[in-house]
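Subject: A structure for you to explore

Hi there,

Here is the structure I promised to pass on to you. Have a look at it first, and then read on for what I found.

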Amino acid sequence: MTDHLQPVETWDEGARHYDASLRGHGRTAEVAETVACLRRLADHRPVLEFAIGTGRIGLPFAETGAEVHGIEYSPGMLAELRAKPGGADLPVVLGDMASVRVEGEFGLVYLVFNTITNLLTQDAQVRCFRNAADHLGPGGRFLIEVHIPQIRRVMPGERHAVFDATGDHTGIDEYDFVNQTLTSHHTWVDGGRARTFASTHRYAWPAEYDLMARIAGLELEHRWGDWSGSTFTADSASHVSTWRKPA
Ligand SMILES: C[S@@+](CC[C@H](N)C(=O)[O-])C[C@H]1O[C@@H](n2cnc3c(N)ncnc32)[C@H](O)[C@@H]1O
């Protein structure tokens, strides 16, 4: 059953442009803050990144001396990771994070950059939480970083909202309110040529993720507004949340 997956071609075909299109998320300062937070939560135990991609976070995390493992379903994204310094040695299993099993027991499983939303059904997201919990040792943590759905930006009666219009990039979200999904349409203009990328996501509010965690036997530990540990408020555009497996 694969109807919960985005077409893998989406990621394979975009893989060679991925790092160049990261904007703020590829900045050294943001990556360093993310890695520092993950490192504190890992408690010196091995860690597993679901959907590790090109290694934006996994590779610098491994450079700190952490034992980093990964799961990734796109051969194209994995090839980009493998081509980077340290990428050939990182243990990464090719498969679906909602079901694939990695050898070992981990202190931290993490899924960043809104990627829980890449699983397109509630059932698949629940399976992902369960799969994360199955990889954790006692007291281990599952962390996700994900946007709060920005439906407040959609005008009444409409279903589109611009989420970025800066420099060479325009981003428009198209909501399907019945199925709780959205499609993000990106356009980059580069040297007079336009390049587009579209991906569909299933969005959810924090309370729904808390329920998924509870189903997986995990307990809410932290909910921050960002990687610095700021307070989560009604105006937070995203959250970093951790749930723990009972010790
Ligand atoms: C936004 S990128 C994030 C990559 C990386 N974690 C980062 O922070 O840069 C989303 C990644 O999720 C991967 N992905 C999407 N669905 C997946 C699934 N079901 N199982 C494993 N990887 C998946 C894509 O191939 C892509 O590499």
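In which helix does alanine 124 lie? Alanine 124 is part of helix H5, which covers residues 122–135. Before we go further, please keep in mind that this is a predicted model.

**Two residues of helix H5**

Is alanine 124 buried or exposed? A residue counts as buried if 20 or more other C-beta atoms lie within 10 Å of its own. Alanine 124 has 21 C-beta neighbours inside 10 Å, so alanine 124 counts as buried. If we leave aside residues up to four places away in sequence, alanine 124 touches His4, Ala98 and Leu119. You can also compare alanine 124 with tryptophan 11: 113 residues separate them in sequence, and their C-alpha atoms are 19 Å apart in space.

Helix H5 also holds arginine 130. Here the count is 17 other C-beta atoms within 10 Å, so arginine 130 is partly exposed. Arginine 130 and leucine 218 are 88 residues apart in sequence, with 9.0 Å between their C-alpha atoms.

**How the chain is divided**

The chain is split into domain 1 (8–148 + 205–244) and domain 2 (152–196). From the C-alpha centre of domain 1 to that of domain 2 is 24 Å.

**The sheet of seven strands**

In what order do the seven strands of the open sheet come? The order is S3-S2-S1-S4-S5-S11-S10, and the pairing is mixed. Strand S3 (92–94) and strand S10 (219–224) are at the edges with a single partner strand each, so one side of each has no neighbour in the sheet. On average, neighbouring strands of this sheet are turned by 15 degrees against each other, direction ignored.

Let's look at one pair in this sheet. S10 and strand S11 (residues 238–244) run antiparallel and are joined by five bridges. To find one of these on your screen, start at arginine 223, whose bridge partner in S11 is serine 241.

Helices pack on this sheet too. Helix H2 (residues 28–42) touches strand S1 (47–50), strand S4 (106–111), strand S5 (136–147) and S11. The direction of H2 makes about 150 degrees with that of S4. Helix H4 (residues 75–82) packs on the sheet as well, touching strand S2 (68–72) and S3. The direction of H4 makes about 160 degrees with that of S3.

**The sheet of four strands**

There is also an open sheet of four strands in the order S6-S7-S8-S9, with antiparallel pairing. Its edge strands are strand S6 (160–166) and S9, and each pairs on one side only. The twist from one strand to the next averages 15 degrees.

S6 pairs with strand S7 (residues 169–176) over six bridges, in the antiparallel sense. Alanine 165, for example, has threonine 170 in S7 as its bridge partner. The hairpin of S6 and S7 has two residues between the strands, and glycine 167 takes a positive phi near 50 degrees there.

Strand S8 (residues 181–190) and strand S9 (residues 193–202) run antiparallel, joined by ten bridges. You can trace this pair through valine 189, whose partner in S9 is alanine 194, and through threonine 187, whose partner in S9 is threonine 196. The hairpin of S8 and S9 has two residues between the strands, and glycine 191 has a positive phi near 55 degrees.

**Positive phi without glycine**

Which loop holds histidine 44? Histidine 44 is in the loop between H2 and S1. Histidine 44 is not a glycine, yet its phi is positive, at about 65 degrees. With 10 C-beta neighbours inside 10 Å, histidine 44 counts as exposed.

Phenylalanine 113, in the loop between S4 and H5, is not a glycine either and has a positive phi of about 55 degrees. Phenylalanine 113 counts as partly exposed because it has 19 C-beta neighbours inside 10 Å.

**Around the ligand**

Finally, which residues come nearest to the ligand? There are 21 residues around the ligand, and Trp11, Ala51, Gly53, Arg56 and Ser74 come nearest. Sorted by class, this shell has 13 nonpolar, five polar and three charged residues.

Enjoy exploring, and write back with any questions!

Best wishes

Definitions and conventions
Residues are numbered from 1 along each chain as its sequence is written. This is a predicted model: local features need pLDDT of at least 70, side-chain atom pairs count only at pLDDT 80 or more; totals for chains, interfaces and linings use all residues. A residue is near a molecule or strand if its C-beta atom, placed from the backbone, lies within 6 Å of it. Ala, Val, Leu, Ile, Met, Phe, Trp, Tyr, Cys and Pro count as nonpolar, Asp, Glu, Lys and Arg as charged, and the others, Gly among them, as polar. Two strands pair if DSSP finds at least two bridges between them. Axes are lines fitted to C-alpha atoms, for helices over the stretch in contact, and angles run from 0 to 180 degrees between N-to-C directions. Two residues are in contact if their C-beta atoms, placed from the backbone, lie within 7 Å. A residue is buried if 20 or more other C-beta atoms lie within 10 Å of its own, exposed if 12 or fewer, and partly exposed in between; C-beta atoms are placed from the backbone. Domain bounds come from an automatic or database domain assignment.
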